[in-house]
Amino acid sequence: QVQLVESGGGLVQAGGSLRLSCAASGRSFSSYAMGWFRQAPGKERESVAAISINSGNTYYADSVKGRFTISRDNAKNTVYLQMNSLKPEDTAVYYCAAPKSSGSLYSFGYRSVSGYAYWGQGTQVTVSS
């Protein structure tokens with residue numbers, strides 16, 4: 001069974017930085033693309049970033065482009081989300097997610113909630129103004 005455990009959330013002032021981590025277990029991490037999503041109160045879960053198996057391809061939502069960086073360490077079975085220049089509108093619960101099948105980033109709906117089969121429990125990020 002695939003397990004995803006996020007960490008690194010917290011309270012930060014606007015303009016600050018946080019780095020989220022997501023530790024994966026239960027299957028060969030290096031064979032699967034990974035994604036980060038977020039959900040603010042009263043809003044739908046939305047895609048933030050995604051990364052291919054070998055980190056050669058990445059995707060970012062327009063709202064975070066230039067401020068957030070997704071990366072992965074296949075030796076540590078971990079995917080990261082470095083968040084800089086944080087804004088109050090970045091406040092949300094952040095989730096990492098993994099697709100059901102291995103393959104390239106473009107072999108599934110990597111920007112869609114429905115493209116992912118496995119989810120972590122989420123980590124709260126709160127940005128104060």
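Visitor: Why is Phe37 called buried?
Guide: Buried means a relative accessible area under 20%, exposed means over 50%, and partly exposed is in between, using a 1.4 Å probe and protein chains only. Phe37 comes out at 0%, so buried is the right word for Phe37. By the way, this is a predicted model, so local features need pLDDT of at least 70 and side-chain atom pairs count only at pLDDT 80 or more, while totals for chains, interfaces and linings use all residues. Residues are numbered from 1 along each chain as its sequence is written, and side-chain values use heavy atoms, with hydrogens and water left out.

Visitor: And what makes Trp119 partly exposed?
Guide: Trp119 has a relative accessible area of 25%, which falls in between the two cut-offs, so Trp119 is partly exposed.

Visitor: How many aromatic pairs does the structure hold?
Guide: Seven. One of them joins Phe37 and Trp119, with 5.0 Å from centre to centre and 65 degrees between the planes.

Visitor: What makes Phe37 and Trp119 an edge-to-face pair?
Guide: Rings of Phe, Tyr and Trp (its six-membered ring) pair if their centres lie within 6.5 Å; planes under 30 degrees apart are stacked, over 60 edge-to-face, and the rest tilted. The 5.0 Å passes the distance test and the 65 degrees passes the angle test, so edge-to-face it is. This pair also links distant parts of the chain: Phe37 is in strand S4 (residues 34-39) and Trp119 in strand S10 (residues 118-119), 82 residues apart. As for the names, strands (E, at least two residues) and helices (H or I, at least four) are DSSP runs, numbered from the N terminus.

Visitor: Why is the pair of Tyr59 and Tyr110 called edge-to-face?
Guide: Their ring centres are 5.5 Å apart and their planes stand at 70 degrees, so this pair is edge-to-face. Tyr59 sits in strand S6 (residues 58-60) and Tyr110 in the loop between strand S9 (92-98) and S10, so parts 51 residues apart in sequence get tied together. Tyr59 and Tyr110 are both buried.

Visitor: How do you know that the charged end of Arg45 sits over the ring of Tyr95?
Guide: The rule wants NZ of Lys or CZ of Arg within 6 Å of the ring centre and within 35 degrees of the ring normal. The charged end of Arg45 is 3.7 Å from the centre of the Tyr95 ring, so the distance part fits. Arg72 likewise lies over the face of Phe29, at 4.4 Å from the ring centre.

Visitor: What makes Arg38 and Glu46 a salt bridge?
Guide: A salt bridge is a side-chain nitrogen of Lys or Arg within 4 Å of a carboxyl oxygen of Asp or Glu. Here the closest N and O atoms are 2.7 Å apart, so the pair qualifies. Arg38 has 6% relative accessibility, so Arg38 counts as buried, whereas Glu46, at 35%, is partly exposed.

Visitor: Which other residue forms a salt bridge with Arg38?
Guide: Asp90 does, with the closest N and O atoms 2.9 Å apart. Asp90 is in the loop between strand S8 (78-83) and S9, while Arg38 is in strand S4, 52 residues away. Arg38, Glu46, Arg67 and Asp90 are linked in a network of salt bridges.

Visitor: How do you know that S2 and S11 pair?
Guide: Pairing takes at least two DSSP bridges between two strands. Strand S2 (residues 10-13) and S11 have four, in the parallel sense, so they pair.
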